[in-house]
Structures are given as C-alpha cells and as structure tokens.
Amino acid sequence: MMTESIRKLDYKLNENDSPIEVRTVMKEILHLSRREISHAKAFEDGITCDGRHVNVRYMLQPGETLNIVLHENCETSAITVPVQGSLDIIYEDEDIICINKEAGIVVHPSHGHYTDSVSNRLAWYYEQKNEYHVMRAVGRLDKETSGVVIFAKNRPSAAIICHQSIKGLRIKEYLALCEGHLDKKQGIIELPIGRVPNEKLLREVRDDGSYAKTGYEVLKEYDGYSLIKLSLYTGRTHQIRVHMSHIGHPLLGDTLYGKGIADNHGMTRCALHSYKTEIFHPMNGQKLLFTADIPADMKALCQ
C-alpha cells in the first residue's frame, strides 16, 4: 500500500513580469501556509527552479518555472479500511473530490461504523486507482442528511478550504421539509447553540452557547408542511435542526428534535439535503459550484 501522497505545483513567471521572491509566490499566489512552506523546505525536491534546488529567498526571474513538491507521509494517519461501495461523484481533480452523499451513511468511520462510511468507500476507490490519501471531509454531514460533501485530497487543500469557511467565503445551502407553515416566509435565525447538559449528542438553543446564524426562505407550502431553503452562516452541530425546532417548525422525520410531530408524512429520516456548495478552488482560486438533486424520498413530498 502507498504510504505517501505527493502533490506537484508549478508556477511560471512570464517574460514581461518582474522578478519575484519564491516565498511570495508560495504564500500569496499558491496560498501555502507557513507550515507547508517549512515542510517543503525539508525535501531536496521540495522547492526547485527549472530542475535546480533553490531556497525561499531566491528571486524567480522572468521565464523561469518554480516547481513545488508537497510530500505527505500517511503512515502516521489513521488507516481507513477500504470497503467497496457505491459513490456518486460530482467532481474530482488532483486536490478535491465532491460526493453526493446518500442518506443513512456516515461520512467518517466512528463507533459502530468502522467499515460502512463514505470514507471507507473512498479508500477503496483510491486503492483501485493506486492512490493513497488521508480522508479529510471539509464540512461533514449528519448520517441522515444527504447531499454535497467535499473531501480534500491533500493537507494544504483542506487547510485553505477550512480558511474559506472561517472567512465566510464557502457558501452552503440546504433544502428541508419542516412541519407547518411559517408566519415569516423569509428570515434570519440568530440564536446561540450549545450542548444539552449530560448529553453527548443533543444540542439546544442556550444563552451560554456558541453564536449560530441560519437564513431561511419558504419555497412552497403543502398540507401540513413546507419546503424551505436554508443558508448556513456558521457551522454548529445540528444547527439547522436545532434552530428550526426551536422556532416551532422541526424537520420532518427528525427523531432527535422533532418529537411531538403528529405526521412525518412518510419521512423515515430527517428531511434535510445539502443541495448546493460554492468554494474557491484551493490551488487555482477558480470559483466552483457543486449541486446535488433532491433525493427521491423528499422529492416524493414535493410533487
């Protein structure tokens, strides 16, 4: 089994450009962190210019090409057991892979789910391609939630996308079916969320919780329930489910926060789907939009 992941980056300075320091290219153009720059310096082939080793203070001249090799030793990372299973791949390149996750499967191996996660299936997929990557989901989805989930295929890509989340540059939108009809058809919920005392899993709106902000818009109303679009401005555990339950409109099929719903209208899982995610590509900065069609169980209630 491969135990090292390698990502090669090239940057050529045009003939009409002014000389530029290698450190500046790595930091400001390739968006590598101080840690990644330091790590690259430790390898003979980590930082080269047209085949010769250079240091970060070297001034790249017009017409020259800077070559960066990012090494990642995966031996020290937790091994994800490869298990064959279906994957609905929306997009893939050298740095990221975007999956349309089905409901009922966890993203990462966990207690009781060591071999039946999306990560296990990805590990098998990579094994067939003779590749090895640490499984890094950038923004996890609950087991019951379906839709777009992004995995970074190397350490710097994961760090850059996470930084986008912190800066509010990554856009995530969901579709959900909730109980009843909302009085305000569009609005913002800003209520802090924290852990329920003596509970590992449950969250609730509480004064000492962490800041949480959710935007919502009613798209269509049905007999006893509504289809809503939700935008996440923060990423608290169970944020959408907690906020919607708190304002009196829990999601259909939500067994944790929807107790007391008279009719789940046939939903056997929480009716929540991550249908759209926007990011900037971690290496080239290109804006990327990923979407996933609403799944059959929710679609059946939206006819």
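Let's start at a turn: strands S15 and S16 form a hairpin with 3 residues between them, and Gly224 in that turn has a positive phi of about 95 degrees. This is a predicted model, so treat every value here as computed from it. From the hairpin we will move out to the neighbouring strands, then to the hollow spaces, and finally to the chain as a whole.

**Strand S16 and its partners**

- Strand S15 covers residues 213-221, and S16 covers residues 225-232.
- The two arms of the hairpin, S15 and S16, pair in the antiparallel sense over 7 bridges.
- To find one of these pairings yourself, look for Tyr216, whose bridge partner in S16 is Leu230.
- S16 also pairs with strand S11 (residues 171-179), and here too the strands run antiparallel, joined by 7 bridges.
- On this side you can look for Glu173, which stands opposite Ser231 in S16.
- Is S16 mostly covered or mostly open? S16 is mostly covered, with 7 of its 8 residues buried.
- A handy rule for looking at any regular strand is that the side chains alternate between the two faces of the sheet.

**The largest pocket**

- The largest pocket has a volume of about 1200 Å³.
- How many residues line the largest pocket? The lining holds 37 residues, and those nearest the centre are Arg140, Leu141, Asp142, Arg236 and Thr237.
- Two strands we have already met return here: S11 and S16 each supply at least two residues of the lining, as do helix H4 (155-166) and helix H5 (239-246).
- Which element gives the most to this lining? That is S11, with 4 residues.
- Sorted by class, the lining of the largest pocket has 14 nonpolar, 14 polar and 9 charged residues.

**The cavities**

- The structure holds 2 cavities of 30 Å³ or more.
- The largest cavity contains about 50 Å³ of space.
- Residues lining the largest cavity include Ser5, Ile6, Arg7, Glu36 and His71.
- Strand S1 (4-12), strand S6 (65-73) and helix H4 each supply at least two residues of the largest cavity's lining; H4 also supplies at least two to the lining of the largest pocket.
- The lining of the largest cavity divides into 3 nonpolar, 3 polar and 4 charged residues.
- The second largest cavity has a volume of about 40 Å³.
- Among the residues lining the second largest cavity are Val138, Leu141, Lys172 and Thr277; Leu141 is also one of the residues nearest the centre of the largest pocket.
- Strand S10 (residues 146-152) gives the most to the lining of the second largest cavity, with 3 residues.
- That lining is made up of 5 nonpolar, 2 polar and 2 charged residues.

**The whole chain**

- The protein chain has 6 helices and 18 strands.
- Its C-alpha trace spans about 70 × 40 × 40 Å along the principal axes.
- What share of the 303 residues is buried? Buried residues make up 48% of them.
- The chain exposes about 15500 Å², and carbon and sulfur atoms supply 48% of that area.
- Of the contacts between residues at least 6 apart in sequence, 65% join residues at least 24 apart.

Methods
Residues are numbered from 1 along each chain as its sequence is written. This is a predicted model: local features need pLDDT of at least 70, side-chain atom pairs count only at pLDDT 80 or more; totals for chains, interfaces and linings use all residues. Side-chain values use heavy atoms; hydrogens and water are left out. Buried means under 20% relative accessible area, exposed over 50%, partly exposed in between (1.4 Å probe, protein chains only). Two strands pair if DSSP finds at least two bridges between them. On a 1 Å grid over the protein atoms alone, a cavity is a set of points where a 1.4 Å probe fits but cannot get out, and a pocket is an open set with protein on both sides within 12 Å along at least five of seven lines; lining residues have an atom within 4 Å of a point. Grid points are joined across faces, edges and corners, and a volume is the space filled by probe spheres set on the points. Ala, Val, Leu, Ile, Met, Phe, Trp, Tyr, Cys and Pro count as nonpolar, Asp, Glu, Lys and Arg as charged, and the others, Gly among them, as polar. Contact means heavy atoms within 4.5 Å. Accessible areas come from the Shrake-Rupley method with a 1.4 Å probe; for residues, only the protein chains shown count as cover.
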